[in-house]
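Student: Got a minute to go through a fold with me? I'd like to start with the sheet and then look at some side chains.

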Amino acid sequence: QVQLVESGGGLVQAGGSLRLSCAASGRNFNINTMGWYRQAPGKQRELVATISSGGRTNYADSVKGRFTISRDNAKNTVYLQMSSLKSEDTAGYYCTATATLGAADAPLGAVYRYWGQGTQVTVSS
């Protein structure tokens, strides 16, 4: 089993910056892809960015050039550095990860997806 905990959200003025963190914990697991989604009130959850275990990244067009996703594999932690923030970036930000589990907990080769509880980012104009 894997638990994801986000931190770093808050209130910031337009043009400012924030860095979100998400740490994975548990036992007998290997993290593969990690990423960030966001969800504004009344809207569907949408992809922000992903990063593979080898460091390959993918970004939504709306954040490309402003946000940077990175990870520290030794700490099982993923980061989202957000710069030049806009009011449109206001949302709950959710960490996600895929992982394989030990044979005692899951079928061999099975891949599971986990979600954090979210952290709120509010950008004021």
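Tutor: Here come the sheet, then the rings.
Tutor: This is a predicted model, where local features need pLDDT of at least 70, side-chain atom pairs count only at pLDDT 80 or more, and totals for chains, interfaces and linings use all residues. Residues are numbered from 1 along each chain as its sequence is written, and side-chain values use heavy atoms, with hydrogens and water left out.

Student: What order do the four strands of the open sheet have?
Tutor: S1-S3-S8-S7, with antiparallel pairing. Strands here are DSSP runs (E, at least two residues), numbered from the N terminus, and two of them pair if DSSP finds at least two bridges between them.

Student: Which strands stand at the edges?
Tutor: S1 (2–7) and S7 (67–72); each has a single partner strand, so one side of each lacks a neighbour in the sheet.

Student: And S3 with S8, how many bridges?
Tutor: Six, in the antiparallel sense, between residues 18–26 and 77–82. Ser21 stands opposite Tyr79 in S8.

Student: Switching to rings: how many aromatic pairs?
Tutor: One, if you count rings of Phe, Tyr and Trp (its six-membered ring) with centres within 6.5 Å; planes under 30 degrees apart are stacked, over 60 edge-to-face, the rest tilted. Tyr37 and Trp115 have centres 5.2 Å apart and planes at 70°, so they are edge-to-face.

Student: Where do Tyr37 and Trp115 lie?
Tutor: Tyr37 is in S4 (residues 29–39) and Trp115 in S10 (residues 111–115), so the pair ties together parts 78 residues apart in sequence.
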